[in-house]
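Trainee: Please take a close look at one helix packing here. Then carry on through the other local features.

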Amino acid sequence: MAFQDKKLINNPNDVVTEFIEGLVETYPGLQYLDGFPRVKVVLRADVSGGSYDKVAVISGGGSGHEPAHAGFVGEGMLTAAICGDVFASPPVDSILAGIRAVTGPRGCLLIVKNYTGDRLNFGLAAEQAKSECYNVETVIVGDDCALPPPRGIAGRRGLAGTILVHKVAGAAAASGSSLAEVAAEARRASEMVGTMGVALSVCTLPGQVTPDRLGPGKMELGLGIHGEPGAAVADLQPVDVIVSHVLKQILCPETNYVPITRGSRVVLMVNGLGATPAMELMITSGKAVPKLQLEHGLAVDRVYTGSFMTSLDMAGFSISIMKADQAILQRLDAPTKAPYWPVGVDGNHPPAKIPVPLPPSRSTKIDEPLGRPAQLNEQGRILEVAIEAAANAVQNLRDELNDWDSKVGDGDCGSTMYRGATAILEDMRNYPLNDAAETVNEIGASVRRVMGGTSGILYTIFCKAAYAQLKAGTQSVVTSKNWAEALEASIAAVSKYGGASAGYRTLLDALIPASAVLQERLNAGDDPATAFVLSSEAAVAGAESTKHMQAQAGRSSYVSGEILASVPDPGAMAAASWYKAAALAMKEKYPAP
């Protein structure tokens, strides 16, 4: 039986912003950007992006895990934390605002927990920031040891071990290390830590009823920090038995999740999930230390016990074990003013909020402002016919895409792509078509405005990476080889942040062969129109070949191979469609001499 839980809140929709207001009133070293409700960013009060002379360390994610992430903002740890809604990844604009607010000439490191939404949104923000000339590195943390090694691209979930990575990176940045050095230390720390959680109850989202999944006398092993199901439900056992099981799972030599063997030095973190009393957490730590020493032959150098990354009001704990050496211990022992590491609340109280920074002004040609030019040059005319043909092709394919997607996904691929194509056709009258790079950027803005879901953000990342590559060129006219390089850069960005590659049954299975053939034909001396048409044929063949692939990304990865074999991947077919239409339109209007 489900029931409405009691909460000390006002409007459930305001819990995150009201938490931030209370946090900065309590700790004078913190501020937030005045951009509620969309921009929810907590940052150090002593840092100004333009003049900050150290590497900024930024993290974040969905709220509901307090004190993570905002409670770890402070000198020696995070420079800023980006807060999403409860259990929802923060939007790209909010992440960008945080980057702009605290990043100086030495750049910033984004530490991201391994969840698809976080990877994609932080990934797109990173690409946007790079196009604005910020120096950005990203480290993905996946420390979950509860589930068997995952298939496909999902990877291990990011859990409480991320907090230790924050501390290592923050101390490295405070010491004056370069961005490359800070990123390397954070990446190494992320590879040294493993975590597993045990829940005695599920959590209650603000304003919602308490789920009834775990009955009396039951516990769930490996439950996720968003309440997602874990590895198994079992009868509640004494904490001695539970701790033994968790430690064996993390240190299991068969899975080899962490490079810890007998004789290693380790750090232990026992983390409360939100509703576990300090007494029970201390009991857990007290049992874990001797088991690590006597049963596993490990030297426990540091123990951290408390609530670091919670799941609202979930009862239970997680254990994180990190392999330690002198370098890591030095970073963990370095001073910090992050309030929940913890530190005191001394210092004068500056204003609680500061304005949200605006993006830097675009660099445009003085004699040609952005917007549709009065007269199109040859490049502008080519772009116009190619874009129009591509968008029309996607619109015409809507029903087929939806039909395919209804068998292998959620049935809305065609509708989603149709919205993007329609927006592009509507917005094209204002595109600066004589400037190829800015036009691609505007296409990305059109897509980002109307296309939801994974496909929308992947196409936005695609356009942003192409824009950055085209802007890097020094020539006033974009050549066919420049386009080939931009396509290659876009594919690399989508693969990096989406996690897919060739053979995963995604849009990349159309674009990767197209890119290879395009470069091959251009290098062989073919005229550009012919090269693009030949590469479009490769795109179509690649898309159709997805019928024979086992999906390893997206919702299709949950569908049986028999069903997958009946239809091609809708995303790949959509990509092949617009690519082929653009190539044919260009060849028809501008045939080879």
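Mentor: Helix α9 (residues 378–396) and helix α18 (residues 570–589) bring their axes within 7 Å and cross at roughly 140°. Axes are lines fitted to C-alpha atoms, for helices over the stretch in contact, and the angles run from 0 to 180 degrees between N-to-C directions. The crossing of α9 over α18 is right-handed. A crossing is right-handed if the near helix is turned clockwise from the far one by less than a right angle, and left-handed if anticlockwise. On the α9 side, the contact uses Ile382, Val385, Ala386, Ala389, Ala390, Ala393 and Val394. α18 supplies Ala574, Ser577, Trp578, Ala581, Ala582, Ala585, Met586 and Lys589. Contact means heavy atoms within 4.5 Å. By class, the contact residues split into 13 nonpolar, one polar and one charged. Here Ala, Val, Leu, Ile, Met, Phe, Trp, Tyr, Cys and Pro count as nonpolar, Asp, Glu, Lys and Arg as charged, and the others, Gly among them, as polar. An α-helix has 3.6 residues a turn, so residues three or four places apart point the same way.

This is a predicted model: local features need pLDDT of at least 70, side-chain atom pairs count only at pLDDT 80 or more, and totals for chains, interfaces and linings use all residues. Residues are numbered from 1 along each chain as its sequence is written, and side-chain values use heavy atoms, with hydrogens and water left out. Helices (H or I, at least four residues) and strands (E, at least two) are DSSP runs, numbered from the N terminus.

Now helix α7. Its 18 residues (278–295) should span 26 Å at 1.5 Å a residue, and the end C-alpha atoms are 25 Å apart, which agrees. The expected span is 1.5 Å times one less than the number of residues. Leu281, Thr284, Ser285, Ala288, Val289, Lys291 and Leu292 of α7 are buried. Buried means under 20% relative accessible area, exposed over 50%, and partly exposed in between (1.4 Å probe, protein chains only). Those buried residues pack against α6 (239–250), β12 (265–272), β13 (299–306) and β14 (316–324). Glycine 297, just after α7, has a positive phi of about 65°.

Two loops beside these elements also carry positive phi. Asparagine 256 sits between α6 and β12. Its phi is near 55°, positive in a residue other than glycine. Asparagine 256 is exposed, because its relative accessibility is 55%. Leucine 312 lies between β13 and β14, with phi again near 55°.

Helix α3 (residues 116–131) passes the span check too: 16 residues should cover 22 Å, and the end C-alpha atoms are 22 Å apart. Of those 16 residues, 13 are buried. Cysteine 133 follows just after α3 with a positive phi of about 75°.

That leads to the cysteines. A disulfide is a pair of cysteine sulfur atoms within 2.5 Å, and the count is zero. For cysteine 108, the closest cysteine sulfur is in cysteine 133, 13 Å away, so no bond is possible. Cysteine 108 is buried at 0%. Cysteine 203 is buried at 7%, and its closest cysteine sulfur, in cysteine 83, is too far for a bond at 17 Å.

Glycine 107 lies in the loop between α2 (92–102) and β6 (108–113). Its relative accessibility is 0%, so it counts as buried. Leaving out residues up to four places away in sequence, glycine 107 touches Lys54, Val55, Ala56, Asn135 and Leu179.
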